[in-house]
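Subject: Structure handover and findings

Dear colleague,

I am passing the structure on to you here, together with an account of what was found in it. Please keep it open beside you while you read the notes that follow.

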Amino acid sequence: MDEENQPLKLNVGGMIFETLLDTLTKVPSSKLSRILTGSEPSVQQIGPREYFIDRDGSLFGYILDFLRTSELLLPGDFRDYDSLAKEFEFYELDPVLCTLETVQRKNKSEILEVRYIRKRTGAFFRVFGSSVETVLALSSQITLHVEKASFSPQASIEKKKPTSAQILSFHDLVFKCGAKNYVNGGQVNIYVQIAPEDRKILLGFNVLGILLDYLTKIGFCLQNTRAIHQQEDTVDCYTFKRNMK
(Lines give C-alpha, C1' and ligand atoms only; values in the text may rest on other atoms or scores of the structure.)
Protein backbone atom coordinates (compact mmCIF):
# COMPACT_ATOMS: atom_id res chain seq x y z
CA MET A 1 0.00 0.00 0.00
CA ASP A 2 1.23 3.50 -0.87
CA GLU A 3 2.50 5.20 2.30
CA GLU A 4 0.26 8.22 1.68
CA ASN A 5 -2.78 5.94 1.61
CA GLN A 6 -1.89 4.25 4.89
CA PRO A 7 -3.98 5.32 7.88
CA LEU A 8 -2.73 7.78 10.46
CA LYS A 9 -3.34 7.10 14.12
CA LEU A 10 -4.36 10.00 16.34
CA ASN A 11 -4.47 9.85 20.13
CA VAL A 12 -6.71 12.75 21.14
CA GLY A 13 -7.00 13.11 24.89
CA GLY A 14 -6.61 9.36 25.34
CA MET A 15 -9.09 8.35 22.62
CA ILE A 16 -7.69 6.64 19.52
CA PHE A 17 -8.77 7.57 16.00
CA GLU A 18 -7.57 6.29 12.65
CA THR A 19 -8.02 8.22 9.43
CA LEU A 20 -6.36 9.04 6.12
CA LEU A 21 -4.14 11.97 5.25
CA ASP A 22 -6.64 13.11 2.61
CA THR A 23 -9.26 13.47 5.35
CA LEU A 24 -7.05 15.57 7.62
CA THR A 25 -6.03 17.86 4.74
CA LYS A 26 -9.55 18.52 3.49
CA VAL A 27 -9.33 22.07 4.87
CA PRO A 28 -5.83 23.15 3.73
CA SER A 29 -5.63 26.14 6.09
CA SER A 30 -6.41 24.08 9.21
CA LYS A 31 -4.00 22.96 11.89
CA LEU A 32 -4.78 19.31 11.13
CA SER A 33 -3.63 19.72 7.53
CA ARG A 34 -0.19 20.68 8.84
CA ILE A 35 0.12 17.66 11.08
CA LEU A 36 3.00 16.09 9.18
CA THR A 37 5.14 19.22 9.00
CA GLY A 38 6.16 19.11 12.66
CA SER A 39 5.48 22.83 12.95
CA GLU A 40 2.61 22.45 15.41
CA PRO A 41 3.81 22.23 19.04
CA SER A 42 0.35 21.13 20.14
CA VAL A 43 0.64 17.99 17.96
CA GLN A 44 3.31 15.53 19.07
CA GLN A 45 4.56 12.63 16.97
CA ILE A 46 4.83 9.58 19.23
CA GLY A 47 5.51 6.91 16.60
CA PRO A 48 5.55 6.24 12.85
CA ARG A 49 2.37 7.85 11.51
CA GLU A 50 1.10 8.19 15.07
CA TYR A 51 0.37 11.52 16.79
CA PHE A 52 -0.85 12.79 20.15
CA ILE A 53 -3.09 15.83 20.59
CA ASP A 54 -3.92 17.00 24.11
CA ARG A 55 -7.53 17.96 23.43
CA ASP A 56 -11.05 16.64 24.10
CA GLY A 57 -11.32 13.28 22.34
CA SER A 58 -15.10 12.97 22.71
CA LEU A 59 -15.61 16.16 20.69
CA PHE A 60 -12.91 15.33 18.15
CA GLY A 61 -15.10 12.53 16.82
CA TYR A 62 -17.62 15.13 15.55
CA ILE A 63 -14.79 17.08 13.90
CA LEU A 64 -13.42 14.01 12.16
CA ASP A 65 -16.88 13.02 10.94
CA PHE A 66 -17.30 16.49 9.45
CA LEU A 67 -14.01 16.18 7.56
CA ARG A 68 -15.11 12.79 6.23
CA THR A 69 -18.66 13.71 5.18
CA SER A 70 -18.73 17.54 4.93
CA GLU A 71 -21.77 17.39 7.23
CA LEU A 72 -21.99 18.31 10.90
CA LEU A 73 -23.87 15.36 12.41
CA LEU A 74 -24.78 15.85 16.07
CA PRO A 75 -27.11 13.85 18.36
CA GLY A 76 -30.57 15.29 18.93
CA ASP A 77 -29.81 15.92 22.60
CA PHE A 78 -26.41 17.58 21.98
CA ARG A 79 -26.05 20.87 23.90
CA ASP A 80 -22.30 21.49 24.37
CA TYR A 81 -22.04 23.90 21.45
CA ASP A 82 -19.62 26.32 23.14
CA SER A 83 -17.04 23.60 23.83
CA LEU A 84 -17.34 22.22 20.31
CA ALA A 85 -16.90 25.71 18.85
CA LYS A 86 -13.66 26.08 20.85
CA GLU A 87 -12.39 22.80 19.39
CA PHE A 88 -13.15 23.97 15.85
CA GLU A 89 -11.28 27.21 16.62
CA PHE A 90 -8.30 25.29 18.02
CA TYR A 91 -8.00 23.20 14.87
CA GLU A 92 -8.50 26.37 12.77
CA LEU A 93 -11.55 24.96 11.02
CA ASP A 94 -13.18 28.36 10.62
CA PRO A 95 -15.47 27.37 7.69
CA VAL A 96 -17.23 24.92 10.00
CA LEU A 97 -18.13 27.54 12.62
CA CYS A 98 -20.90 29.01 10.45
CA THR A 99 -22.37 25.53 10.05
CA LEU A 100 -22.19 25.02 13.82
CA GLU A 101 -23.96 28.31 14.50
CA THR A 102 -26.74 27.35 12.07
CA VAL A 103 -27.23 23.97 13.76
CA GLN A 104 -27.20 25.61 17.20
CA ARG A 105 -29.95 28.08 16.25
CA LYS A 106 -32.00 25.26 14.75
CA ASN A 107 -31.76 23.10 17.87
CA LYS A 108 -32.20 25.86 20.42
CA SER A 109 -35.71 26.35 21.77
CA GLU A 110 -37.49 29.18 23.52
CA ILE A 111 -40.03 28.63 26.28
CA LEU A 112 -43.20 30.62 26.96
CA GLU A 113 -45.74 30.10 29.74
CA VAL A 114 -49.25 31.54 29.94
CA ARG A 115 -50.89 31.79 33.37
CA TYR A 116 -54.66 32.24 33.42
CA ILE A 117 -56.09 33.37 36.79
CA ARG A 118 -59.86 33.25 37.05
CA LYS A 119 -61.65 35.82 39.20
CA ARG A 120 -65.34 36.27 40.05
CA THR A 121 -65.75 39.29 37.78
CA GLY A 122 -62.96 38.74 35.30
CA ALA A 123 -59.58 37.16 34.66
CA PHE A 124 -55.90 38.00 34.88
CA PHE A 125 -53.26 36.82 32.41
CA ARG A 126 -49.52 36.70 32.99
CA VAL A 127 -47.12 35.58 30.28
CA PHE A 128 -43.50 34.58 30.93
CA GLY A 129 -41.07 34.17 28.03
CA SER A 130 -37.40 33.21 27.69
CA SER A 131 -37.05 35.55 24.69
CA VAL A 132 -37.21 39.30 25.30
CA GLU A 133 -38.10 39.89 21.64
CA THR A 134 -41.09 37.55 21.84
CA VAL A 135 -42.44 39.20 25.01
CA LEU A 136 -42.17 42.67 23.46
CA ALA A 137 -43.78 41.50 20.21
CA LEU A 138 -46.65 39.83 22.07
CA SER A 139 -47.26 42.98 24.12
CA SER A 140 -47.63 44.99 20.92
CA GLN A 141 -50.30 42.56 19.69
CA ILE A 142 -52.50 42.89 22.80
CA THR A 143 -54.75 45.94 23.20
CA LEU A 144 -57.00 46.68 26.19
CA HIS A 145 -60.21 48.68 25.77
CA VAL A 146 -61.84 50.13 28.90
CA GLU A 147 -65.50 51.10 28.42
CA LYS A 148 -68.33 52.09 30.76
CA ALA A 149 -70.80 49.29 31.33
CA SER A 150 -74.12 50.04 29.63
CA PHE A 151 -76.05 49.68 32.89
CA SER A 152 -73.64 51.71 35.02
CA PRO A 153 -75.38 54.66 36.73
CA GLN A 154 -72.20 56.74 36.77
CA ALA A 155 -72.23 58.80 33.60
CA SER A 156 -69.00 60.47 34.71
CA ILE A 157 -66.98 57.34 33.93
CA GLU A 158 -65.24 58.18 30.68
CA LYS A 159 -64.10 55.80 28.00
CA LYS A 160 -60.31 55.51 28.19
CA LYS A 161 -57.84 55.29 25.34
CA PRO A 162 -56.78 51.75 24.37
CA THR A 163 -53.61 50.55 26.09
CA SER A 164 -51.16 47.67 25.63
CA ALA A 165 -50.47 44.83 28.02
CA GLN A 166 -48.26 45.92 30.92
CA ILE A 167 -44.66 44.72 30.72
CA LEU A 168 -43.42 43.92 34.23
CA SER A 169 -39.88 43.02 33.15
CA PHE A 170 -38.00 42.00 30.04
CA HIS A 171 -39.44 38.50 30.35
CA ASP A 172 -43.06 38.84 31.47
CA LEU A 173 -46.20 40.85 30.86
CA VAL A 174 -49.64 41.03 32.46
CA PHE A 175 -53.16 42.10 31.47
CA LYS A 176 -56.74 41.53 32.58
CA CYS A 177 -60.25 41.41 31.20
CA GLY A 178 -63.76 41.49 32.61
CA ALA A 179 -65.65 43.92 34.85
CA LYS A 180 -64.19 46.40 37.30
CA ASN A 181 -66.41 47.92 40.01
CA TYR A 182 -65.92 51.34 41.59
CA VAL A 183 -66.78 52.34 45.17
CA ASN A 184 -69.35 54.86 43.92
CA GLY A 185 -71.30 52.12 42.18
CA GLY A 186 -69.94 52.59 38.68
CA GLN A 187 -68.59 49.76 36.57
CA VAL A 188 -66.34 49.50 33.54
CA ASN A 189 -65.69 46.57 31.27
CA ILE A 190 -62.16 45.73 30.15
CA TYR A 191 -62.07 44.14 26.69
CA VAL A 192 -59.04 42.45 25.14
CA GLN A 193 -58.15 42.52 21.46
CA ILE A 194 -55.35 40.28 20.15
CA ALA A 195 -54.16 41.22 16.64
CA PRO A 196 -54.78 40.32 13.91
CA GLU A 197 -58.25 39.66 15.38
CA ASP A 198 -60.42 42.78 15.36
CA ARG A 199 -62.87 41.51 17.99
CA LYS A 200 -62.92 42.92 21.50
CA ILE A 201 -63.37 40.07 24.00
CA LEU A 202 -64.71 40.45 27.54
CA LEU A 203 -64.83 36.87 28.86
CA GLY A 204 -61.54 35.44 30.10
CA PHE A 205 -62.09 31.95 28.72
CA ASN A 206 -62.61 33.33 25.21
CA VAL A 207 -59.51 35.52 25.52
CA LEU A 208 -57.54 32.45 26.58
CA GLY A 209 -58.68 30.52 23.51
CA ILE A 210 -57.68 33.31 21.12
CA LEU A 211 -54.31 33.77 22.85
CA LEU A 212 -53.44 30.06 22.71
CA ASP A 213 -54.51 29.90 19.07
CA TYR A 214 -52.32 32.91 18.25
CA LEU A 215 -49.28 31.29 19.87
CA THR A 216 -49.68 28.12 17.81
CA LYS A 217 -49.94 30.20 14.63
CA ILE A 218 -46.56 31.84 15.30
CA GLY A 219 -44.82 28.50 15.76
CA PHE A 220 -45.25 27.56 19.43
CA CYS A 221 -46.22 24.00 20.40
CA LEU A 222 -48.09 23.25 23.61
CA GLN A 223 -45.91 21.07 25.85
CA ASN A 224 -47.98 20.65 29.00
CA THR A 225 -50.70 22.13 31.18
CA ARG A 226 -51.02 22.22 34.96
CA ALA A 227 -53.09 23.87 37.67
CA ILE A 228 -51.70 25.80 40.65
CA HIS A 229 -53.94 26.51 43.65
CA GLN A 230 -53.22 29.85 45.34
CA GLN A 231 -55.51 30.65 48.29
CA GLU A 232 -58.92 31.24 46.69
CA ASP A 233 -57.65 31.28 43.10
CA THR A 234 -56.87 28.53 40.62
CA VAL A 235 -54.12 29.32 38.15
CA ASP A 236 -54.12 27.37 34.88
CA CYS A 237 -50.63 27.21 33.35
CA TYR A 238 -49.91 26.47 29.69
CA THR A 239 -46.27 25.86 28.70
CA PHE A 240 -45.23 26.30 25.07
CA LYS A 241 -41.98 25.72 23.20
CA ARG A 242 -40.75 26.61 19.70
CA ASN A 243 -37.44 26.22 17.91
CA MET A 244 -35.54 29.44 17.37
CA LYS A 245 -34.67 30.27 13.79
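A helix here is a DSSP run of H or I with at least four residues, a strand is a run of E with at least two, and both are numbered from the N terminus. With those names in hand, P196 can be placed in the loop between strand 11 and helix 6. The peptide bond that joins A195 and P196 is cis, with omega at about 10 degrees. As background, most peptide bonds are trans.

Please bear in mind that this is a predicted model. The protein has an average pLDDT of 83, and 84% of the residues score at least 70. Confidence is highest in helix 6 (residues 204–217), where the mean is 94, and lowest in helix 4 (residues 94–107), where the mean is 68.

The cavity

How many cavities of 30 Å³ or more does the structure hold? There is 1, and the space in the largest cavity comes to about 30 Å³. As general background, rolling a probe the size of a water molecule over the atoms shows where empty space is left. The residues that line the largest cavity are V192, Q193, I194, E197, R199, I201, V207 and I210. Strand 11 (187–194) and helix 6 each supply at least two residues of this lining, and strand 11 gives the most, with 3 residues. By character, the lining divides into 5 nonpolar, 1 polar and 2 charged residues.

Helix 5 and a contact to strand 13

Helix 5 (residues 132–141) is worth following on your screen, since T134, V135, L138 and S139 are buried in it. Seen down the axis of helix 5, these buried residues fall within an arc of 135 degrees, so they line one face of the helix. The general background is that an α-helix has 3.6 residues a turn, so residues three or four places apart point the same way.

Two of these buried residues also take part in polar contacts or lie close to polar atoms, as the distances below show. S139, which is found in helix 5, has a relative accessible area of 5% and is therefore buried, the cut-off being under 20%. A polar atom of the S139 side chain lies 3.3 Å from the backbone oxygen of A165. As for T134, its side chain makes a polar contact of 3.2 Å with the side chain of R242. R242 itself lies in strand 13 (residues 233–243), and the R242 side chain also makes a polar contact with the side chain of E110, at 2.8 Å.

Positive phi in two loops

Which residues other than glycine have a positive phi? S70 is one, with phi near 65 degrees, and E92 is another, with phi near 60 degrees. Most residues other than glycine have a negative phi. S70 is found in the loop between helix 2 (57–69) and helix 3 (81–90), whereas E92 is found in the loop between helix 3 and helix 4. S70 is partly exposed, with a relative accessible area of 48%, and E92 is also partly exposed, at 28%.

Residues apart along the chain

The next pairs bring together positions that are separated in the sequence. T23 has its place in helix 1 (residues 21–24), and T23 is buried, with a relative accessible area of 13%. T23 and R68 are 45 residues apart along the chain, and their C-alpha atoms are separated by 6.0 Å. F66, which lies in helix 2, counts as buried at 13% relative accessibility. F66 and K26 are 40 residues apart along the chain, with 10.0 Å between their C-alpha atoms.

Is D172, in strand 10 (residues 172–181), buried or exposed? D172 counts as buried, because its relative accessibility is 5% and buried means under 20%. The C-alpha atoms of D172 and L112 are separated by 9.4 Å, while the two residues are 60 apart along the chain.

With best wishes

Technical notes. Residues numbered from 1 in each chain as written. Predicted model: local features only at pLDDT ≥ 70, side-chain atom pairs only at ≥ 80, totals over all residues. Heavy atoms only, no water. Polar contact = N/O pair within 3.5 Å; in protein donor to acceptor, adjacent residues only side chain to side chain. pLDDT = per-residue confidence, 0-100. 1 Å grid on protein atoms, 1.4 Å probe; cavity = no way out; pocket = protein on both sides within 12 Å on 5 of 7 lines; lining within 4 Å. Points joined across faces, edges and corners; volume = space filled by probe spheres on them. Nonpolar A, V, L, I, M, F, W, Y, C, P; charged D, E, K, R; others polar. Buried < 20%, exposed > 50% of the residue type's maximum accessible area, 1.4 Å probe, protein only. Arc of directions from axis to C-beta.
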